[in-house]
Amino acid sequence: MTSKSDLTTPSFITEPATRRSFLRRAGLTALAAPAVASVLTSCSAEAAPQQAGKAGAAAGGMDHSGGTMAAHPATPEGMRAKADAMDAMHEAGIKAFPAKTEGKGNQLMTPRVEKGVKIYDLTAAPQKWETEPGKWVDAWCYNGQVPGPMIRVKEGDRVRINLTNNLTESTAIHFHGLELPFDQDGVPFITQPPVKPGAQYTYEFTVPVGNAGSHMYHSHSNSAKQVGLGLLGAFIVEPRKPRAIERVDVDYTMILNDGMHGYTLNGKGFPATEPIVAKLGQKVRIRFMNEGMMIHPMHLHGMHMTVIDKDGWAQPMPWKCDTLNIAPGERWDVIVNCNNPGTWAFHCHILPHAEGEHGMFGMVTVLIVEKPAV
Amino acid sequence: MTSKSDLTTPSFITEPATRRSFLRRAGLTALAAPAVASVLTSCSAEAAPQQAGKAGAAAGGMDHSGGTMAAHPATPEGMRAKADAMDAMHEAGIKAFPAKTEGKGNQLMTPRVEKGVKIYDLTAAPQKWETEPGKWVDAWCYNGQVPGPMIRVKEGDRVRINLTNNLTESTAIHFHGLELPFDQDGVPFITQPPVKPGAQYTYEFTVPVGNAGSHMYHSHSNSAKQVGLGLLGAFIVEPRKPRAIERVDVDYTMILNDGMHGYTLNGKGFPATEPIVAKLGQKVRIRFMNEGMMIHPMHLHGMHMTVIDKDGWAQPMPWKCDTLNIAPGERWDVIVNCNNPGTWAFHCHILPHAEGEHGMFGMVTVLIVEKPAV
Amino acid sequence: MTSKSDLTTPSFITEPATRRSFLRRAGLTALAAPAVASVLTSCSAEAAPQQAGKAGAAAGGMDHSGGTMAAHPATPEGMRAKADAMDAMHEAGIKAFPAKTEGKGNQLMTPRVEKGVKIYDLTAAPQKWETEPGKWVDAWCYNGQVPGPMIRVKEGDRVRINLTNNLTESTAIHFHGLELPFDQDGVPFITQPPVKPGAQYTYEFTVPVGNAGSHMYHSHSNSAKQVGLGLLGAFIVEPRKPRAIERVDVDYTMILNDGMHGYTLNGKGFPATEPIVAKLGQKVRIRFMNEGMMIHPMHLHGMHMTVIDKDGWAQPMPWKCDTLNIAPGERWDVIVNCNNPGTWAFHCHILPHAEGEHGMFGMVTVLIVEKPAV
């Protein structure tokens, strides 16, 4: 089989799935809508008979479609059947992407505004959560989401958060990364009493000017369990005066997690994770947040990432990488200049967090860079 | 329940425990003395009846004191009793902080000085060590301490270390981060013979000028076991010409550990860890050192950290964060500008290293920023 | 026992093993040849009787050779015998270094050149692999090596890689860190069909200008297993215009791994790891690459490292450390100015990855800095 990038190549290779074609096929008009069609089916072996034919010619009777395979001395038929079966599982997982599941976490929440105060009502309650098709886990959610709804405000905003505790344990919310007055810090028995089951509690503060960036909110009560079950979310503070480098076309928050819900990105495991979509030439900002117990070195294929912020603070000078190690509690913001069209794998490089014998799972998604219409 | 930081708030919230009040209550005059009183009791639920009353009004009969609680339809009494019992355990842990235990590690050691040489006598020996109240572990200690006594010298100093091995195994000391002559490097069979049980061995060297910073000393013989049991300590080298950024009010060394002794900060697990105390407006330097086997991303509440040094070497430009990932063998120095009064939680953000169903434990302490007297 | 670096010291201490003497003893003329003699034997306890005598004088009858030992009240003879037995195991491991094993990975591969294209033929196949003397593991190798052969090209080079799959599973090669056209990215069912058992597949691309540095190639098919078994290698891209800082005397690639093959450096565990050898005053570049599942904070004794590149991208300003945390998928390039003569331990500082009760093993090697001939 021959596939040289500058030579004639089968269409499945030169035309990666794009958001346009993906949306057309799926009949979708916005990414937030349920994503039921695969963005990745066009490069399956079955879709490329002519490719397989070329491969057969090059490799002495081999092909990749599974149908016209000639026996190879070194690969008895039983072995080959086993390999094909494994491939079929891997392909099925990829074809299913982005798989439909019930529930979507990390949705931007619109506050009520009263007398200039942005008000967010958050209810913590148990719920079943579907991390990948058919895999339901016990979750503790804010407003039925894992991660909880995204709170997004500006420096200097006055914010009120009404927490209702419908859990069976006491709870509290810590605003991780925000430099708040002590009584708003959310640590039971240190900064406040615990919020008992059935009780409500109100946090209210002015977001400090100078404290912009990618922050988080999560339970600080019996936290290993409560955060592990899903009581966490993004708390993003927009700066009053954005830097030139943070003027981007796509602003994406990716919350990493592990533990009781498996390996997840924004509460879902592959193939139920969400693709990130940009057009060729656009800039994407990714806000990595780790709410788990393990490091996750996230690796982007095809393009590098320029690291601009750590925990909401500008790095003194941006620096580049393709694999960024993100530890629990950390946030790292990166910029990707989408100059390479394709459907780029984007995954944790601790490989057992991303792929098994049955195919890719867990901490895998893609960054789709769409080519312009011809 | 309502607690708005800019509005009327109960006194337990607006007046965090301060070192001053803590010391007054405890009758202590120095932090190095046994710390027997809790710095954190003033914000327990029991201490805030008026708060509980307000909460009751706001939340339909709920309060936080456990006494006058009205039943909530969603929380049967059995469930509520269970939640209360959990809270009681969490509160008890916090009230106990800083808990008294026998033994204190990482104490600054005063050398004998002979003919201009600073002489440190270190004896390695087995000993029981109390990591938290009532939890005694088998330890191997230098001079009866875990971590061993802090050695603190200046660039260019002549230093002699007399090691006496009262262990049942051979040992040796490696000066981690110091760029010494080969024969002083402390690796048995490579740079020296092992120091047999009952034997003595002397290291002597001039601390290189240009090698200032936060270094360590520890066994390099059967090291996974010997360091794991406690044969480790801080070796701090002061520069001849300190930079402006390192002129601080409080200089604190925090040695992280895991493994056989549990999750510890300076040899103790919460609530037996030690609070760091500063006054509003002061600068604190924290020298993180990881002598364990795992990463520990340390998260400070309420204020950010400015990272200045890695392994004793100045970072080209300081950078900011609130969660700093520290890997085994690494040292990171940070500065905290204490501009936010309160008793700030400071813990490893791998949550199972810091909190369990029974409350906070392990790698948890606080940074107390005291308000000036009125 | 006294050993002061500026005073009279036994010859075994002042004359660390050098590459010269090591090669002389071993009759070797190049490092790539099998290294059968120990570089570390000269500092064993047995080699230093006069040292032992001094120790005996200082420590009341103790010595380090085991022969003339007087009983110590605190160390009954049984205990001492046990300690001696442990020392003997530790010494034996060090004496065996660098131990001869079959097979050497990471060997520089010379391409065929046709019409200006550098052609690399890689065959993936199962094979037994000896990680340390007598320890044979199941491996999947490129061209019989773990890591696979080093590919080393220049920016702008045209490269063709012919992959033959002699495995029992489908496979594919991802060029980790290279920003290639989408169809060359090596992800089955996304960028190409899987390469079936018995089949061949050809990758061909121009190495992007501006994409120099330390990259990798590895399987991206059932990758947790396939990379874990050894399907990985270095892909180094030399810049057209090297920076001054990267003009070095020794350019060394160190691939870290863990998992199925144990803890390894370039496919071998101590004492079968390879020493890095330089002359006093030379500069060594080390290209760390992590192909495992765990972090490995690599610690160099005796000298610091200056970090210049991350994932092939220049850090904005070089920075110094002695312990560098390397996460899976990451590459970090450092420079060592070899200004301190000796045979310096160089190991992962997660101590259980480097030493056990039976001695050093796994992720341990040395950097030898040779003194000039007198």
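This section describes the chain arrangement, one sheet and the cavities of a predicted model.

The relation between the chains was examined by superposition. Chain B falls on chain A after a rotation of 120°. The shift along the rotation axis is 0.0 Å, and the RMSD is 0.0 Å. This is how copies are related by a three-fold axis. The copies meet through different surfaces, as 5% of the contact residues of chain B recur in chain A. The step from chain B to chain C was treated in turn. A rotation of 120° superposes chain C on chain B, again with 0.0 Å of shift along the axis and an RMSD of 0.0 Å. Only 5% of the interface residues of chain C are also interface residues in chain B, so these copies too meet through different surfaces.

Empty space inside the structure was considered next. A probe the size of a water molecule, rolled over the atoms, shows where such space is left. The search covered the whole structure and found 14 cavities of 30 Å³ or more. The largest cavity has a volume of about 600 Å³. Its lining consists of 27 residues. Nearest the centre of this cavity lie A:W319, A:W332, B:W319, B:W332 and C:W319. Strands from chains A, B and C contribute to the lining. In chain A, β17 (313-321) and β18 (323-326) each supply at least two lining residues. The same holds for β17 (313-321) and β18 (323-326) of chain B, and for β17 (313-321) and β18 (323-326) of chain C. By class, 15 residues of the lining are nonpolar, six are polar and six are charged.

One sheet of chain B was followed strand by strand. Strands of a sheet pair through backbone hydrogen bonds, and the pairing is either parallel or antiparallel. The sheet in chain B is open and has four strands, in the order β5-β10-β9-β7, with mixed pairing. Its edges are formed by β5 (151-154) and β7 (173-176) of chain B. Each of these edge strands has a single partner strand, so one side of each is left without a neighbour in the sheet. From one strand to the next, the twist averages 25°. At one edge, β5(B) pairs with β10 (residues 232-238) of chain B. This pairing is parallel and runs over four bridges. Within the sheet, B:V153 stands opposite B:V237 in β10(B).

Note on methods:
Residues numbered from 1 in each chain as written. Chains lettered and ligands numbered in written order. Predicted model: local features only at pLDDT ≥ 70, side-chain atom pairs only at ≥ 80, totals over all residues. Heavy atoms only, no water. 1 Å grid on protein atoms, 1.4 Å probe; cavity = no way out; pocket = protein on both sides within 12 Å on 5 of 7 lines; lining within 4 Å. Points joined across faces, edges and corners; volume = space filled by probe spheres on them. Nonpolar A, V, L, I, M, F, W, Y, C, P; charged D, E, K, R; others polar. Pairing = 2+ DSSP bridges. Axes fitted to C-alpha atoms, helices over the stretch in contact; angles between N-to-C directions. Least-squares fit on C-alpha atoms with pLDDT ≥ 70 in both. Contact = heavy atoms within 4.5 Å.
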